[in-house]
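Colleague: I'd like to learn how you read a model like this one. Could you walk me through it, feature by feature?

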Amino acid sequence: MDSKKISVRNVTKIFGKSKKALQLLQEGEPKQSILKKTGATVGVNQATFDVEAGEIFVIMGLSGSGKSTLVRMLNRLIDPTDGEVLIDGIDIVKMKKEMLRDVRRQKISMVFQKFALLPHRTVLENTEYGLEVQGVPKETRIEKAMTALKLVGLEGYEFQFPKQLSGGMQQRVGLARALANDADILLMDEAFSALDPLIRKDMQDELLELQSNMKKTIVFITHDLDEALRIGDRIALMKDGSIVQIGTPEEILMNPSNDYVERFVEDVDLSKVLTAGHVMKRAEAVSVEKGPRVALQMMKDLGISSIYVVDRKKQLLGAITASDAKEAMDRNKGIIDILQAGVSTVTPDTLLTDLFEKVSIATIPVAVVDHKQRLNGILVRGAVIGALAGNNDSINHFEQAQVETAVDQEDKEVKSHGTMVPQNPNS
Amino acid sequence: MEQWFPKIPIADWVDTFVNWLTVHLAVAFDGITTFLQSIVDGMVIGFGYIPSYIFMILLTLLAWKVSNKGIALFTLIGLFLIANLGYWEPMLETLALVLTAVIISIVLGIPLGIWASQKQMVKQIASPILDFMQTMPAFVYLIPAIFFFNIGVVPGVVASVIFAMPPTIRLTILGIQQVPADIIEATEAFGSTTIQRLLKVQLPLAMPTIMAGINQSIMLALSMVVIASMVGAPGLGADVYRAVTQIQIGKGFEAGLSIVVIAIILDRVTQNIGKNNKQGGNAL
Ligand SMILES: Nc1ncnc2c1ncn2[C@@H]1O[C@H](COP(=O)(O)OP(=O)(O)OP(=O)(O)O)[C@@H](O)[C@H]1O
Ligand SMILES: [Mg+2]
């Protein structure tokens, strides 16, 4: 079979008397009229999609659009009325009870909206649960559970009971429990929706960080577009039980396939979509082996009072100010002697919402560096604010910064749609 | 009415049925009788071996351990009063009758409750039967009980079980079905078998509710002791019954008071066993 971890083929769920309803549905009758005619509720309507190994696949939609029903058919907590669900190429819909149990034990874990922890068990015992039902010996199981608890930062809490923990910590236990049995697939149904916004953002970050090491296949349900954009590699949008669009966050934002998606996307908070890469300006930097005289001349030409210093590989070393450069020139010193290291930096994919603080307290424009510490650009306060205000000119289409060729195309689309979220230069 | 529709002969049917049972299941009934009789006798003899003051101290300590000082004190004074009034022996007989009925209610009721909680069908069949058991006046099934089990403590135990078991069954069902759906879903999602789900999740979480059911069963069994004495069960109930038939108001009050004391002690102690379980969850 192919590399698809999960393949969903024409999966339908009808609650209630399903025979007539299924037929009507396949003839294209909408959900509401089926309810009127047959009294049956369409939970999911002929959904088809694939999830690649190692990706975070987000399913998004309004309340009642069928997200929970769909995700529960992936481990058959809900039995599909029709269609196939292939996990690693094997259809679980036709599977016998015992085999399905093995799939649930070994391949698929789940994290729940309301945590669903066992209140009579300690954090450690909760985390062990999945291994316990598999009959894993006590010692191995404790060891694995402890590793999982460490991963989610709950070391030291193992003998507490769930109700002694805050919501965020409880959901960490839920996550640890799901991680402990080493399943490849993680299903998360509104896993962070019950948490308050700050904790929620932390958990998203943590999930992304964990994911960068673990490379699980994650199906994440949310009704929050910001969350979907933040963590999704691809997003599927649902409406009335049907999937109306699947694509990368950029594709969804720039090419809403219909009114429904467009309305969803309309009031996206730009600060959670735009990144440093989108708003950075070209950085003027002086090479460290140049003398202070050159540096000073550059600053004069550009009309600035400080400048970044890079090495031959364009890696950022620090910054110097004009007055220091002047002094160094007088005393015959090199740039290296007056270098101020430890300037504040962000990466190109840092979201605007996460870099406000740095930008607002910085005395010189914040540097944008890539993972190899190479200077990509700088953040000028005015441009950051301009971008947030929806000012197109403040947003890069990457003509100035060094960019891949594909961007030209992107630009046209950007202009034609009026929204402007170009491809991240790194991706 | 009889004019246009003949009377349905339910009474005849029941009589025939009971006769048939008495004849054909005699061996089974004899076996049950011997079994129950020996349990009750064993308890009475066992309790009898313990000197009354040691018995008092043991119960007081138990009350102290599972609940609080106040109830322990009440236990001590109450038991002393019973001994002082001269009802110690009958009290032990009553205790044996009640405990036997409750143990049987638990042994039959909890598994039945578990079964009914898993199968909607079983629950639907059990529900009206449970209603029947609790609302049919106890005197009515005392009569066949004498047929099947003779006179004595055994028909008393049987009648008490029939009357006292429903709350244990009902609250076992309730406790198990009260476990939140998302927790059940989680246990399913991690691949638990039915037995694992029951033992590791549903029963532990249902325990406080089941304990409340057992507590109610104890109270109902106690409320049956006077009725049981009508078919020959010995104990405090027999003293009350005798006092009533002989219009000895004072004596009747004494025996009745003894039943109340035992009821309060058993109630408070078992109530707190349930609560302690709950708190154990937090405090550990
Ligand atoms: N057990 C059920 N019986 C009948 N109808 C159901 C059942 N579960 C869900 N539905 C219906 O199926 C549709 C999809 O519900 P679902 O819970 O999947 O939505 P959702 O997208 O997860 O919504 P939410 O954001 O509120 O969780 C709804 O119309 C709902 O009423
Ligand atoms: Mg849902």
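**Reading the model**

Modeller: Sure. In chain B, buried residues account for 45% of the 284 residues. Keep in mind that this is a predicted model.

Colleague: What does the secondary structure of chain B come to?

Modeller: Chain B has 13 helices and 0 strands, so the DSSP runs read α-α-α-α-α-α-α-α-α-α-α-α-α from the N terminus on. The C-alpha trace spans about 65 × 65 × 40 Å along its principal axes.

Colleague: And what about contacts and surface?

Modeller: Of the contacts in chain B between residues at least 6 apart in sequence, 79% join residues at least 24 apart. The accessible surface of chain B is about 14,800 Å², with 72% of it belonging to carbon and sulfur atoms. As for charge, the mean positions of the 13 positive and 14 negative charges of chain B lie 12 Å apart.

Colleague: How do you read the faces of a helix?

Modeller: Start with the general idea: an α-helix has 3.6 residues a turn, so residues three or four places apart point the same way. Now take helix 4 of chain B, residues 69-85. Its buried residues are Ile71(B), Ala72(B), Thr75(B), Gly78(B), Leu79(B) and Ile82(B). Seen down the helix axis, the buried residues of helix 4 of chain B fall within an arc of 130°, so they line one face.

Colleague: Which exposed residues does the face turned away from the buried side of helix 4 of chain B carry?

Modeller: That face carries Lys69(B), Leu73(B), Ile77(B), Phe80(B) and Asn84(B).

Colleague: What should the 17 residues of helix 4 of chain B span at 1.5 Å a residue?

Modeller: They should span 24 Å, and the end C-alpha atoms are 24 Å apart, which agrees.

Colleague: Can we try the same reading on chain A?

Modeller: Let's use helix 6 of chain A, residues 138-151. For its 14 residues the expected span is 20 Å at 1.5 Å a residue, and the end C-alpha atoms are 20 Å apart, in agreement. Arg141(A), Ala145(A), Ala148(A) and Leu149(A) are buried in helix 6 of chain A. Down the axis, the buried residues of this helix fall within an arc of 100°, so they line one face. On the other side of helix 6 of chain A, Glu139(A) and Glu143(A) are exposed.

Colleague: What covers the buried residues of helix 6 of chain A?

Modeller: The cover includes helix 5 (123-134) and helix 7 (167-180) of chain A. After helix 6 of chain A comes Gly153(A), with a positive phi near 75°.

Colleague: How should I read a positive phi outside glycine?

Modeller: In general, most residues other than glycine have a negative phi. Here, Gln373(A) is not a glycine, yet its phi is positive, about 65°. Gln373(A) sits in the loop between strand 15 (366-369) and strand 16 (375-379) of chain A. Asn150(B) also has a positive phi, near 65°, and lies in the loop between helix 7 (138-149) and helix 8 (153-177) of chain B.

Colleague: Are those two buried or exposed?

Modeller: Buried would be under 20% relative accessible area and exposed over 50%. Gln373(A) has 40%, so it counts as partly exposed. Asn150(B), with 49%, is partly exposed too.

Colleague: Where does Thr69(A) lie?

Modeller: Thr69(A) lies in helix 3 (residues 67-73) of chain A. With a relative accessible area of 11%, Thr69(A) is buried. Leaving out residues up to four places away in sequence, Thr69(A) touches Lys13(A), Phe15(A), Gly43(A), Val44(A) and Ile78(A).

Note on methods:
Residues are numbered from 1 along each chain as its sequence is written. Chains are lettered from A and ligands numbered from 1 in the order in which they are written. This is a predicted model: local features need pLDDT of at least 70, side-chain atom pairs count only at pLDDT 80 or more; totals for chains, interfaces and linings use all residues. Side-chain values use heavy atoms; hydrogens and water are left out. Helices (H or I, at least four residues) and strands (E, at least two) are DSSP runs, numbered from the N terminus. Buried means under 20% relative accessible area, exposed over 50%, partly exposed in between (1.4 Å probe, protein chains only). Contact means heavy atoms within 4.5 Å. Accessible areas come from the Shrake-Rupley method with a 1.4 Å probe; for residues, only the protein chains shown count as cover. Lys and Arg count as positive and Asp and Glu as negative; His and the chain ends are not counted. The place of a charge is taken as NZ of Lys, CZ of Arg, CG of Asp or CD of Glu. The expected span of a helix is 1.5 Å times one less than its number of residues. The arc is that of the directions from the helix axis to the C-beta atoms.
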